[in-house]
Amino acid sequence: MHLSDILKIRSQPGAGISIGLTRKCPLSCAHCSTNSSLQSEEYPEDRFVRFVGTFSPQHHPEIMALSGGEALLRPKLIMKLAKMARRAGTSSSVLSGLFFARHPTIPANIERAIRSVDHFSVSTDAYHEQEIHRDLVLKTLDTVLSYGTDVSVHLVGANEDDPFIADATADIQQRFGDDVPILVNLLEPFGRARKWFSKAVPEEQEQIKASPCHMAAWPVMSYDGTIVACGNDDVIEKLPDHLVLGHAMTDSWQTISERSASSCTLRAIRLYGPEFTVNRFSSQKPDCTGYCDTCINMQPTRDFGKNLNKHMTSPSIRLLEDTVAVLRLEAGAEAFARSEGTAKFSDLVSLGRDG
Ligand code: SF4
């Protein structure tokens, strides 16, 4: 499965699910969005196995994206979940920071876990390279490519002109030609990065325009089994009611995907973005600290709910949502990379794509 197959449906509601298998990680990257360490939380396998066991040929996500913390600390669980998911018709991917790359060879249990999924992604950046040198990342990618597994690299830069991005993409292309697709994202002030990195708050707009949130499309299961509407780490920490979808110990995929698809609040966030939604349907003012803060701090008052439900249940809005979904699908993976990552490097997500 190529990276572009994943990104192409990344903004389609319920087309996939992201699952954080653990919050633990042996690395200590300075910007880690989950603030992970080896002492971080890890919950028993049962909640992951139970939830993926609810995937069925009739009701399943197309893709299950496994991450952490460091997902490959649980290689047996990855193999088990990938096998269960495949039986229902779901493809799987795993994202890793390659803590094992300092070993002369990939440990056997980790090799088996990598071979069990349909796509293997490596996450690296200037902070990660202080823990795992770029040469080790490239060597590990070489080995995984030799298994015949599809791979990609996820890079993070402080901004589009960060010299790290140009340097790392050049090195990857020099080593692998056009065989390895690359997704470039920008650093966000979450987790450990919050202490030393901030983003300029956009100037207040005279007229608040619609700015859809693509990240509210795939439910995200946290390391403890809580399932929320998106992967924003503040959402996982603060659990605002309107962004919580359920829990792996009690709910099925069918229930979670139906809740995500039917919530008027989530549908409005996907279609218009949180600031427009609050401005149009609530007496509350959009949060001046930004887009996601407005979403997290949204006050679902009775009036807000009434106005929103009336608007979102009209047949013309359903038609508009369906049209937007088709347009996004046709726009493809590069359009998704442009909207969520950096326009300058968006074509790199298609490297190695046949035809
Ligand atoms: S706007 Fe809301 S749903 Fe979208 S990523 Fe931010 S917090 Fe999540």
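Let me start at L98, which is found in the loop between β3 (91-96) and α4 (108-116). Helices and strands here are DSSP runs, H or I over at least four residues for helices and E over at least two for strands, numbered from the N terminus. L98 is not a glycine, yet has a positive phi of about 60°. L98 counts as buried because its relative accessible area is 0%. Buried means under 20% relative accessible area, exposed means over 50%, and partly exposed is in between, with a 1.4 Å probe and protein chains only.

A word on the source. This is a predicted model, in which local features need pLDDT of at least 70 and side-chain atom pairs count only at pLDDT 80 or more, while totals for chains, interfaces and linings use all residues. Residues are numbered from 1 along each chain as its sequence is written, and side-chain values use heavy atoms, with hydrogens and water left out.

Two other backbone points belong with L98. N35, in the loop between β1 and α2, is also not a glycine and has a positive phi of about 50°. Is N35 buried or partly exposed? N35 counts as partly exposed, because its relative accessibility is 35%. Then there is the peptide bond from G68 to G69, which is cis, with omega near 20°. G69 sits in the loop between β2 and α3 (75-88).

Now the sheet. It is open, has 9 strands with mixed pairing, and runs in the order β6-β5-β4-β3-β2-β1-β7-β8-β9. At the edges are β6 (182-186) and β9 (244-247), each of which pairs on one side only. Two strands pair if DSSP finds at least two bridges between them. As background, strands of a sheet pair through backbone hydrogen bonds, either parallel or antiparallel.

Take β1, residues 16-20, where 5 of 5 residues are buried. Which residues cover which face? G16, S18 and G20 are on one side, I17 and I19 on the other, and all are buried. On the β2 side, β1 pairs with residues 63-67 in the parallel sense, over 5 bridges. There the bridge partner of I17 is M64. With β7 (residues 220-221), β1 again pairs in the parallel sense, over 2 bridges, and S18 has V220 as its bridge partner. The connection from β1 through helix α2 (residues 46-52) to β2 is a right-handed β-α-β unit. Right-handed means that, with the strands pointing away from the viewer, the path from the first strand over the helix to the second runs clockwise.

Moving towards the β6 edge, β4 (residues 119-125) and β5 (residues 150-157) are parallel partners over 7 bridges. T124 stands opposite L155 of β5. β5 and β6 are also parallel, joined by 5 bridges, and H154 has L183 as its bridge partner in β6. β5, α6 and β6 form a right-handed β-α-β unit. Helix α6 (residues 163-176) lies across β4, β5 and β6 and runs at about 160° to β5. For that angle, axes are lines fitted to C-alpha atoms, for helices over the stretch in contact, and angles run from 0 to 180 degrees between N-to-C directions.

After β6 comes L187, in the loop between β6 and β7. L187 is buried, with a relative accessible area of 3%. Beyond its neighbours within four places in sequence, L187 is in contact with residues including H31, Y127, V156, W196 and F197. Contact means heavy atoms within 4.5 Å. L187 and G341 are 154 residues apart along the chain, with C-alpha atoms separated by 9.7 Å.

Elsewhere, R267 is in helix α9 (residues 264-272) and is buried at a relative accessible area of 2%. Leaving aside neighbours within four places in sequence, the contacts of R267 are A261, S262, M312, I317, R318 and E321.

Last, the ligand. What is around it? The residues are C213, M215, A216, C230, N232, V235, P274, Y291, C292 and C295, each with a heavy atom within 4 Å. Helix α11 (residues 291-296) gives the most to this shell, 3 residues. By class, the shell has 9 nonpolar residues, 1 polar and no charged. Nonpolar here covers Ala, Val, Leu, Ile, Met, Phe, Trp, Tyr, Cys and Pro; charged covers Asp, Glu, Lys and Arg; the others, Gly among them, count as polar.
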